[in-house]
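Biologist: Could you take me through this structure step by step, with the terms explained as they come up?

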Amino acid sequence: MENFKDTPWILNHTNWGTVQNRKYEIAILPWGATEPHNLHLPYGTDTLESYKLACGAAELAWEYNVHCMVLPPIPLGVQNPGQIELPFCLHTRPSTQKVILEDILVSLQIQKVTKVIIVNSHGGNDFKPIIRELQSQFSNLFIGIIDWFRMKECLSIFDIPGDHAGEMETSLMQHLFPGEIKIQEAGKGKSNGFKLECMQSGLLWTPRNWSKVSVDTGIGNPQNATPEKGKQCYDLIVHKISEALKELSIINPGDIYK
């Protein structure tokens with residue numbers, strides 16, 4: 001368990017006495033998943049990553065007087081066939097995610113929060129169509145999404161980043177939870193691709209059946225992971241997100257266009 005200390009940018013760690021006299025314009029919603037991550041990473045990896053990255057970015061933003069709040073993380077992701085059948089892998093439909101997000105946005109809108117950023121850690125979550133659907137309903141809110149694992153600068157840190165529980169995720173978790181990740185227990189993360197050239201090229205898409213593509217639920221070899229690479233990745237992502245928060249803090253939701 002983390003040591004509790006009152007941090008006014010993390011809702012789980014603060015209280016009404018601290019919050020009541022401050023004005024918050026930006027809410028950060030970490031969103032992950034609950035699923036196996038090879039043999040060495042916890043089921044909550046995606047949720048832990050999004051939460052830690054959001055908290056780190058918010059702390060940096062507060063140094064620049066950007067009053068943002070990290071909400072409790074959502075641990076429910078969209079899962080593929082072949083994952084859904086695995087013990088305790090929790091599958092949430094996109095329509096359910098929409099309802100969860102909509103309810104949160106209703107609350108925040110009433111409370112005069114004007115900007116909401118989702119920090120997403122799970123590749124199966126696709127918030128773009130959900131945000132498109134909800135944006136007209138919440139026309140006075142800015143609703144945005146950051147898929148941190150797609151940052152090219154972050155990917156370049158690693159020899160072979162991997163798709164799921166590979167070098168990148170393992171390094172990040174080694175940094176965030178030093179001494180708790182048992183790399184010696186990890187599977188090789190070997191994966192099978194598609195036979196069809198049109199699918200290999202990306203022209204044709206279908207969800208991967210996880211039981212057909214991976215033996216240990218990982219995709220990408222984690223053996224080259226190090227805490228040092230994880231810290232470099234963490235620092236880069238946190239800096240990038242905090243810069244985005246600073247930019248957002250000085251504009252109104254409708255003033256994002258040139």
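Modeller: Accessible areas here come from the Shrake-Rupley method with a 1.4 Å probe, and for residues only the protein chains shown count as cover. This is a predicted model, in which local features need pLDDT of at least 70 and side-chain atom pairs count only at pLDDT 80 or more, while totals for chains, interfaces and linings use all residues. Residues are numbered from 1 along each chain as its sequence is written, and side-chain values use heavy atoms, with hydrogens and water left out.

Biologist: What share of the area that the protein exposes is supplied by carbon and sulfur atoms?

Modeller: The protein exposes about 13,800 Å². Of this area, the part supplied by carbon and sulfur atoms is 55%.

Biologist: Which pattern do the helices and strands follow along the sequence?

Modeller: Helices (H or I, at least four residues) and strands (E, at least two) are DSSP runs, numbered from the N terminus. The protein has 9 helices and 4 strands. Read along the sequence, they give the pattern α-β-α-β-α-β-α-β-α-α-α-α-α.

Biologist: Which residues have the most contacts inside the largest nonpolar core?

Modeller: A nonpolar core is a set of buried Ala, Val, Leu, Ile, Met, Phe, Trp, Tyr and Cys residues joined through side-chain atoms within 4.5 Å, where buried means under 20% relative accessible area, exposed over 50%, and partly exposed in between (1.4 Å probe, protein chains only). The largest such core has 61 residues, and those with the most contacts inside it are Ile28, Trp148 and Leu245.

Biologist: Which helix gives this core its largest share?

Modeller: The largest share of this core amounts to 8 residues. They come from residues 45-62, that is, from helix α2.

Biologist: Is lysine 98 buried or exposed?

Modeller: Lysine 98 is found in helix α3 (residues 94-110). Leaving out residues up to four places away in sequence, lysine 98 touches Ile130, Glu133 and Leu134, a contact being heavy atoms within 4.5 Å. Because its relative accessibility is 18%, lysine 98 counts as buried.

Biologist: How many Å apart in space are glycine 166 and proline 222, C-alpha to C-alpha?

Modeller: Glycine 166 lies in the loop between α5 (152-155) and α6 (167-176), and with a relative accessible area of 1% glycine 166 is buried. Among its contacts, neighbours within four places in sequence aside, are Ile219, Gly220, Asn221 and Pro222. Glycine 166 and proline 222 are 56 residues apart in sequence, and their C-alpha distance in space is 4.3 Å.
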